[in-house]
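Trainee: I would like a close look at a single part of this structure. Please take me through it step by step.

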Amino acid sequence: MSLKPILATLLVALLAAVVSLPARAQDDATTERELERYRQMLKDDPWSNPGLLDADKGEALWKEKRGPKSASLEGCDLGKGPGVVDGAFAELPRYFKDTDRVMDAETRIVWCMETLQGFPRAEILKRPVSKANQQGTELEALATFVASKSRGAKFNAPVAHAKEREALALGEAAFYRRQGPMDFSCATCHGDAGRRIRLQPLPYFAKPEEAKKVVGEWPAYRVSQGTVMTMQHRLADCFWQMRLPLVDYASDLTVALTSYLVSQAKGGEITAPSIKR
Amino acid sequence: MHRLILIPCLLAVAVSAGSALAQKKGRPSPQAVDKLVEDGFKTAAPDWKVRLVQDETQKACTASRNEPAEAGAAAIRRREKATIKYPEDGNLLGDWKKGEALAQSGYGWRYTDYPPRQANGGNCYACHQLDKKELSYGTLGPSLAEYGKIRKFAEPAVKFVYEHIYNPQASQPCGNMPRFGTSGFLTMDQIKDIVAYVMSPDSPVNK
């Protein structure tokens, strides 16, 4: 046992104290300043990041022989060849010939668990992501591990294949599609600079500088939830706010939206797992 | 034979391309996007899937990225205005205290909100400043602080606020505010209560 878990627990407690103050009584500038202070603290001591516990858990899961086929995920091809994890996340989503589909990291991990380890898809997708204050899921840990292996790299997802270009164009179009009882599209809340919902700042994804700042932060440890949240989960949460049904995990829709976000963030640094409110 | 069929088809394509639904070069067709969205919710129940289907206004706003050409904008205004229903007694002002609670609440119609545990809320604070004492407000819409006072509590302003909550697209085609009355998300009485919160002299919004 190292100091890591203890430091992480301390940090979580500190963050929880900041975030659980009655939001309404709090000036938004103060909230932002506090979160910024903790982000700085993480920069000074990266090991105090609670999300790294999930990355560690994910690494152990990655290497463990599991499933009906009793295999590890070390043979998983994330796009840079079987077994290559370093830097792979920075080049996802991408087209995979074996599935004839564009896949993001999470979709690919599901596929590897299915094919290499023999887990039934339904079982993998039974509880892909955790609810607030629940124990994190295996998929969350695995995705955090894979992303963490691209820390410091810059987003550079390929757009050479026709299907990659198609996913990107569809993702962009889906971003602007208005639907549901509230008439929301993603752009309703993320379509202008400097806007907020209540006190939460809303990134403006059409602007590459803003996309670069936040897209590489996911999967992120969410202080308000006490667990890591992946990009697939983040998108599901936004669809929930839009009063739409629960979006299918690892669907072409969520992958296409991720292609769009990552393309807007091209050249942005991957800092996952980061800390979010 | 084939050519004869093709010509009207081409004409139809040309005509629709000239309309507000014109598809920008390089963008996927609306049908392709519809399919992507539909396929993203395969596991959803049928009564939920209907929420993915766009009405005419949503289609026009999507196609124009919320900047409909004048003719399209006029059509939206006309269509949306026709959906607004008014109280029979003509009184548009309800109870501002109830309106305050509704302006604060974002409850309703999310999949975690079933079976309903409370009334739907208007969530005005998510997007607007209202009572200046409330510091937790969003900025997707303009500030409504002292909205009634600034307008001298005048009757046309009361009517405008009622209509704007009921259906903002009657005056702001493709605006970002939800059509709370037309969608059935808020009842007429709830809308009246919120109008009072924005427009009555006693309301903290106007202090």
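Which residues of α4(B) and α5(B) meet each other?

Mentor: Keep in mind that this is a predicted model. On the α4(B) side the residues are E56(B), T57(B), A60(B) and C61(B), and on the α5(B) side they are I76(B), R79(B) and E80(B). Sorted by class, this contact has three nonpolar, one polar and three charged residues. A60(B) and C61(B) from α4(B) and I76(B) from α5(B) count as nonpolar. T57(B) counts as polar. The charged residues are E56(B) in α4(B), with R79(B) and E80(B) in α5(B).

Next comes the geometry. Two packed helices are described by the angle between their axes and by the distance between those axes. Helix α4 of chain B covers residues 56–63, and helix α5 of chain B covers residues 70–81. The two pack at an angle of about 155°, and their axes are 10 Å apart. Angles over 145 degrees count as roughly antiparallel, and α4(B) and α5(B) are therefore roughly antiparallel to each other. The crossing in which α4(B) passes α5(B) is left-handed.

Now set this pair in its chain. Chain B comes to 10 helices and zero strands, so that its elements, read from the N terminus, run α-α-α-α-α-α-α-α-α-α. Chain B has 207 residues, and 45% of them count as buried. Take the contacts in chain B between residues at least 6 apart in sequence: 58% of these join residues at least 24 apart. About 11,400 Å² of chain B is exposed, with carbon and sulfur atoms supplying 60% of that area.

Chain B also appears in the surroundings of a residue of chain A. S251(A) has its place in the loop between α10 (231–241) and α11 (252–264) of chain A. Its relative accessibility is 6%, so S251(A) counts as buried, the cut-off being under 20%. Apart from neighbours within four places in sequence, S251(A) is in contact with R101(A), Q232(A) and G40(B).

For a second residue of chain A, turn to V214(A), found in helix α9 (residues 208–214). V214(A) is buried too, because its relative accessible area is 17%. Leaving out neighbours within four places in sequence, V214(A) is in contact with P203(A), F205(A) and K276(A). K276(A) is 62 residues from V214(A) along the chain, and the C-alpha atoms of the two are separated by 9.9 Å.

How values were computed. Residues are numbered from 1 along each chain as its sequence is written. Chains are lettered from A and ligands numbered from 1 in the order in which they are written. This is a predicted model: local features need pLDDT of at least 70, side-chain atom pairs count only at pLDDT 80 or more; totals for chains, interfaces and linings use all residues. Side-chain values use heavy atoms; hydrogens and water are left out. Axes are lines fitted to C-alpha atoms, for helices over the stretch in contact, and angles run from 0 to 180 degrees between N-to-C directions. Helices (H or I, at least four residues) and strands (E, at least two) are DSSP runs, numbered from the N terminus. Angles under 35 degrees count as roughly parallel, over 145 as roughly antiparallel, 65 to 115 as roughly perpendicular and the rest as oblique. A crossing is left-handed if the near helix is turned anticlockwise from the far one by less than a right angle, and right-handed if clockwise. Contact means heavy atoms within 4.5 Å. Buried means under 20% relative accessible area, exposed over 50%, partly exposed in between (1.4 Å probe, protein chains only). Accessible areas come from the Shrake-Rupley method with a 1.4 Å probe; for residues, only the protein chains shown count as cover.
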